[in-house]
Amino acid sequence: MPIEQVYVTELPWDPQRPEAVVITCVDGRWYRHFQEFAKVRLEAGLCTDFMAVPGGIEPMTLADDVPKDFNFFRRRLEALVEAHGTRRIIIIAHQDCAWYRARMETATPEVMRARQIADMRRAAAWLRARFESVTVEPYFARRSGTTPEKVVFEAV
């Protein structure tokens, strides 16, 4: 059976701008959990903006070490907040992040988690100072339980 060259969604177009942006890591194993958490628990809406890069918010901690990465991320986030009238920035880091693990090869999971949380707090402080009228909400996602494992989100 040949593949059609055009695909038309069944969803109607919604021109309303989202009020929230969720900043996460790109790890696809976690993505549906991030979406469900934002939609169901945080009531962020179906049209929530997502910014996903390896390591999630980590570029926002690199102003001194890698200013090019910091500025690349900062400029896009500033443009998004301005263009969309963003009222909430939701930051989600996750357990066993490959980006952090590659940079912290010998770290225990506990040390890596502590670093991710410290980075989120540092980035959240910068975001709150830069966007005074925007609410900033950091969370850490981790696996919990046995088969099937579930994902738990904790406020940071």
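This passage walks through the central sheet of a predicted model, the helices that pack on it, and the setting of one methionine.

At the heart of the description is an open sheet of five strands, arranged in the order β2-β1-β3-β4-β5 with mixed pairing. The edge positions are taken by β2 (49–52) and β5 (150–155). Each of these two has a single partner strand, so one side of each is left without a neighbour in the sheet. On average, and with direction ignored, neighbouring strands of this sheet are turned by 25° against each other.

Further in from those edges, it is worth pausing at one pair of strands. Strand β3 (residues 88–94) and strand β4 (residues 135–144) run parallel and are joined by seven bridges. For a reader tracing this pairing on the model, a handy place to look is isoleucine 89, whose bridge partner in β4 is valine 136.

Two helices can be placed against these strands. Helix α2 (residues 67–84) packs on the sheet and touches β1 (20–24), β2 and β3. The direction of α2 makes about 180° with that of β2. Helix α4 (residues 109–130), in turn, lies across β3, β4 and β5, and runs at about 165° to β4. Strand β3 thus appears in the descriptions of both helices, being touched by α2 and crossed by α4.

How do the two helices meet? Two packed helices are described by the angle between their axes and the distance between the axes. Here, the axes of α2 and α4 come within 13 Å and cross at roughly 45°. An angle of this kind falls outside the ranges for roughly parallel, antiparallel or perpendicular, and α2 and α4 are therefore oblique to each other. The crossing by which α2 passes α4 is right-handed. On the α2 side, the contact is made by Phe70, Arg74, Leu77 and Glu78, and on the α4 side by Trp126, Leu127 and Arg130. In character, the residues of this contact between α2 and α4 divide into four nonpolar and three charged, with no polar ones.

Helix α4 also holds methionine 112, a residue that rewards a closer look. Its relative accessible area is 7%, and because buried means under 20%, methionine 112 counts as buried. With neighbours within four places in sequence left aside, methionine 112 is in contact with Asp96, Cys97, Tyr100, Arg101, Met104 and Ala107. Phenylalanine 37 gives a point of reference elsewhere in the chain: this residue and methionine 112 are 75 residues apart along the chain, and their C-alpha atoms are separated by 23 Å.

Methods
Residues are numbered from 1 along each chain as its sequence is written. This is a predicted model: local features need pLDDT of at least 70, side-chain atom pairs count only at pLDDT 80 or more; totals for chains, interfaces and linings use all residues. Side-chain values use heavy atoms; hydrogens and water are left out. Two strands pair if DSSP finds at least two bridges between them. Helices (H or I, at least four residues) and strands (E, at least two) are DSSP runs, numbered from the N terminus. Axes are lines fitted to C-alpha atoms, for helices over the stretch in contact, and angles run from 0 to 180 degrees between N-to-C directions. Contact means heavy atoms within 4.5 Å. Angles under 35 degrees count as roughly parallel, over 145 as roughly antiparallel, 65 to 115 as roughly perpendicular and the rest as oblique. A crossing is left-handed if the near helix is turned anticlockwise from the far one by less than a right angle, and right-handed if clockwise. Ala, Val, Leu, Ile, Met, Phe, Trp, Tyr, Cys and Pro count as nonpolar, Asp, Glu, Lys and Arg as charged, and the others, Gly among them, as polar. Buried means under 20% relative accessible area, exposed over 50%, partly exposed in between (1.4 Å probe, protein chains only).
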